[in-house]
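Good morning, colleagues. I should like to take a few minutes to go through one structure, first its sheet and then its aromatic pairs.

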Amino acid sequence: MTLKCGVQLWDGITIEDDVFIGPNATFTNDPFPRSKVYPQEFARTVIRKGASLGANCTVLPGLTIGTNAMVGAGAVVTRSVPANAIVVGNPAKIVGYVDARPVCHEQITAAGKVAAQTETMVKGVTLHTMNKFADLRGSLSVGNFGHAIPFKPVRYFMVYDVPTEEIRGEHAHRVCHQFLVAVKGLVHVVADDGIHRQEFILDKPTQGVYLPAMTWGIQYRYSPDAILMVFASHHYDATDYIRDYDEFRILTECAGSGRP
């Protein structure tokens, strides 16, 4: 852990290994402070392993700064920060994810060549370009399940009216596969296999991204008019969700090493 000068630390704060805290960062542990009045129990704030906090930032009580997250200098953190997220401003908002520079389909396909399916650096994640037919009557985009969309879905759902500052996803599925299409507007999608992380911009109804099981997925930076269509290979099952990134990393490392 690196702790620079002037950092304000109080009871109720847990700091894990390899954390960097810049000069004059301030933690608070009482959401309703009064002179000479002390709470029975201080709010618990946790700074997960590998996180970095910039100079002069302020962290409100009872929050968690996720593994490898980065807090910008001067930020005022009022909500918990997910693993690997980059937050800045007052109140702090997510502006990106560590090692995930946003790219569009054309930047990933070689020399701008449009391909039906394109591999990415994230294990099993592929980008898809569906067929498009356009004439004076309008445009039509189509994909066959089991071909352009690499599984036969049993469920779909749509996500819309998402405030731009809000984050969706932040979980992985144990067995469920998903295929995402921004049928209107623009959405940023982050895919993470526990080792590699990549961010994609979906801004056309002819583009889709396939997320296999055991892929950590995040959707954010929704445009005001965005509608995200998601096809799923399985019916809803709450036990299929992995919502803790540290648990996800452990499970993917176990899978990679052949351990149960």
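How many bridges join strand β5 to β8? There are 2 bridges, and the two strands run parallel, with β5 covering residues 45-47. Please bear in mind that this is a predicted model. Within this strand pair, V46 stands opposite T64 in β8.

Let me place that pairing in its sheet. The sheet is open and has 3 strands in the order β2-β5-β8, with parallel pairing. At the edges stand β2, residues 13-15, and β8, residues 64-65; each has a single partner strand, so one side of each is left without a neighbour in the sheet. In general, the strands of a sheet pair through backbone hydrogen bonds, either parallel or antiparallel.

I turn now to the aromatic rings. The structure holds 7 aromatic pairs. One of them joins Y236 and Y241: the ring centres are 5.6 Å apart and the planes stand at 55°, so the pair is tilted. Is each partner buried or exposed? Y236 is exposed, at a relative accessible area of 52%, whereas Y241 counts as buried, at 14%.

Another pair is Y245 with F248, whose ring centres lie 5.8 Å apart with planes at 40°, so this pair is tilted. Both residues belong to helix α2, residues 245-257, where they are 3 residues apart and therefore separated by about one helical turn. Y245 is buried, with a relative accessible area of 6%, and F248 is buried, with a value of 0%. Together with W216, Y245 and F248 form one aromatic cluster.

Notes. Residues numbered from 1 in each chain as written. Predicted model: local features only at pLDDT ≥ 70, side-chain atom pairs only at ≥ 80, totals over all residues. Heavy atoms only, no water. Pairing = 2+ DSSP bridges. Helix = DSSP H or I, 4+ residues; strand = E, 2+ residues; numbered from the N terminus. Phe/Tyr/Trp six-rings, centres within 6.5 Å; stacked < 30°, edge-to-face > 60°. Buried < 20%, exposed > 50% of the residue type's maximum accessible area, 1.4 Å probe, protein only.
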